[in-house]
Amino acid sequence: MEHLNVPPTNHVKVLDGQGWVGLIDHLGSESTIVNAARVSFGKLKNEMEERDVKLLEYLIANKHTSPLEHMVFTFSIHCPLFVRGQWHRHRTWSYNEISRRYTEIDMEFYTPSELRRQSENNRQASFSDPDFDGTALAGLIADHNKASLALYDKLLESGVCREQARGVLPQNMMVTFWGTVDLSNLLHFLELRDSEHAQWEIREYAIAIKKLIKPFIPNVAAYFAKQGQEW
C-alpha cells in the first residue's frame, strides 16, 4: 500500500521542493469536449481535426462551458495549510484530505526560502525586496516549527487525543489532499491563481497544474497561449 504523502509518479515539485502536485487520474479528452458539444447530432469522433479545434476555441471564447465539464482531473496536492485554505475557497472542486485525527506520521512544515515584504497599499499583496535579508527570521520560523512539533508530541505522549493536540500545529504545516475538478472549473481556477494578483505560493501550484494537464489538452493550451497567457 502506497502512502498518501508520497507524490504520484506524474508530479511537479513546488515551493523549492517542499511541496508538490501530482496528477492521479483523468477522464475524457479534447474529443470528449467536442463530442459533448455536438451530442444533439448523435455522432462521435475519436480524433481532433481542424474543424474540431475551431469548435473547441469557439466554446472557450464564448464561454459555452458545459461541454468542458465532461473532462475531469484528479490531483494529489501537498501544500501548507494556508494554501489549502485558499484552495478550498474554490467550491466547485471535490476534496478529501489526510486527517491528523487519525495519523501523526510524516509531519512536515513549510519554511519559506525567501521572506517577502508586506505591500503598503494593498493588504492582500506582498513583494520581493532584494535589500531585505530575512535569513535570521526564516531561522526563527524553523525553530517555531520544531517547538510546535515538540509540544504536539508531548501532548500525545501525555495521553491527549490527536484531535485536540493538533490545535498547536501552525498554519505552515504541510497537508496532503485529493482534489477533483472538471476542466471548465479548473480553467477558472487557473485564471485566478496563475495571476499576478494571486499569492506566490498558490500561484506556484497553478503553474505546476498547467504543466501536468497540457499534454492532455494541447489545443486548449494553444488557445490560451495565443491570448498571451503562459502555458
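The following exchange goes through the terms used for this predicted model and the values behind them.

Colleague: What counts in this model, and how are residues numbered?
Modeller: The model is predicted, so local features need pLDDT of at least 70 and side-chain atom pairs count only at pLDDT 80 or more, while totals for chains, interfaces and linings use all residues. Residues are numbered from 1 along each chain as its sequence is written, and side-chain values use heavy atoms, with hydrogens and water left out.

Colleague: How many helices and strands does the protein have?
Modeller: Eight helices and seven strands. Helices are DSSP runs of H or I with at least four residues, strands are runs of E with at least two, and both are numbered from the N terminus. The C-alpha trace spans about 65 × 45 × 25 Å along its principal axes.

Colleague: What makes β1 and β4 edge strands?
Modeller: Two strands pair if DSSP finds at least two bridges between them. The open sheet has five strands in the order β1-β2-β3-β7-β4, with antiparallel pairing. β1 (11-14) and β4 (94-97) each pair on one side only, and these are the edge strands. The twist averages 20° from one strand to the next.

Colleague: How do you know that β2 pairs with β1 and with β3?
Modeller: Four bridges join β1 to β2, and seven join β2 (residues 19-27) to β3 (residues 72-80). The definition asks for at least two bridges. Lys13 stands opposite Trp20 in β2, and Asp25 has Thr74 of β3 as its bridge partner.

Colleague: Which side chains of β1 are buried, and which are not?
Modeller: Val12 and Val14 point to one face and are buried, whereas His11 and Lys13 point to the other face and are not. Buried means under 20% relative accessible area, exposed means over 50%, and partly exposed lies in between, with a 1.4 Å probe and protein chains only. In a regular strand the side chains alternate between the two faces of the sheet. Of the 231 residues of the protein, 40% count as buried.

Colleague: Why is Asp16 called exposed?
Modeller: Asp16 has a relative accessible area of 55%, and is therefore exposed. Asp16 is found in the loop between β1 and β2, and its phi is near 55°, a positive value in a residue other than glycine. Most residues other than glycine have a negative phi. In that hairpin, which has four residues between the strands, Leu15 also takes a positive phi, near 50°.

Colleague: Lys63 and Leu68 are placed in the loop between α2 and β3; which is buried and which is exposed?
Modeller: Lys63 is exposed, because its relative accessible area is 68%. Its phi is positive, near 55°. Leu68 counts as buried because its relative accessibility is 4%.

Colleague: What is Leu68 in contact with?
Modeller: Contact means heavy atoms within 4.5 Å. Leaving aside neighbours within four places in sequence, Leu68 is in contact with Ile33, Leu59, Ile60, Asp182, Leu183, Ser184 and Leu187. Val34 is 34 residues away along the chain, and its C-alpha atom is separated from that of Leu68 by 8.5 Å.

Colleague: Why is α2 called oblique to α8?
Modeller: Helix α2 (residues 50-61) and helix α8 (residues 218-226) pack at an angle of about 60°, with their axes 10 Å apart. That angle makes α2 oblique to α8. Angles under 35 degrees count as roughly parallel, over 145 as roughly antiparallel, 65 to 115 as roughly perpendicular and the rest as oblique. Axes are lines fitted to C-alpha atoms, for helices over the stretch in contact, and angles run from 0 to 180 degrees between N-to-C directions.

Colleague: Which residues make that contact?
Modeller: From α2 they are Val53, Leu56, Glu57, Ile60 and Ala61, and from α8 Asn219, Val220, Tyr223, Phe224 and Lys226. By class, seven are nonpolar, one is polar and two are charged. Ala, Val, Leu, Ile, Met, Phe, Trp, Tyr, Cys and Pro count as nonpolar, Asp, Glu, Lys and Arg as charged, and the others, Gly among them, as polar.

Colleague: What makes α6 and α7 oblique to each other?
Modeller: α6 and helix α7 (residues 200-213) pack at about 135°, with axes 9 Å apart. They are therefore oblique to each other. Helix α6 (residues 183-193) also lies across β3 and β7 (174-182), running at about 125° to β7.
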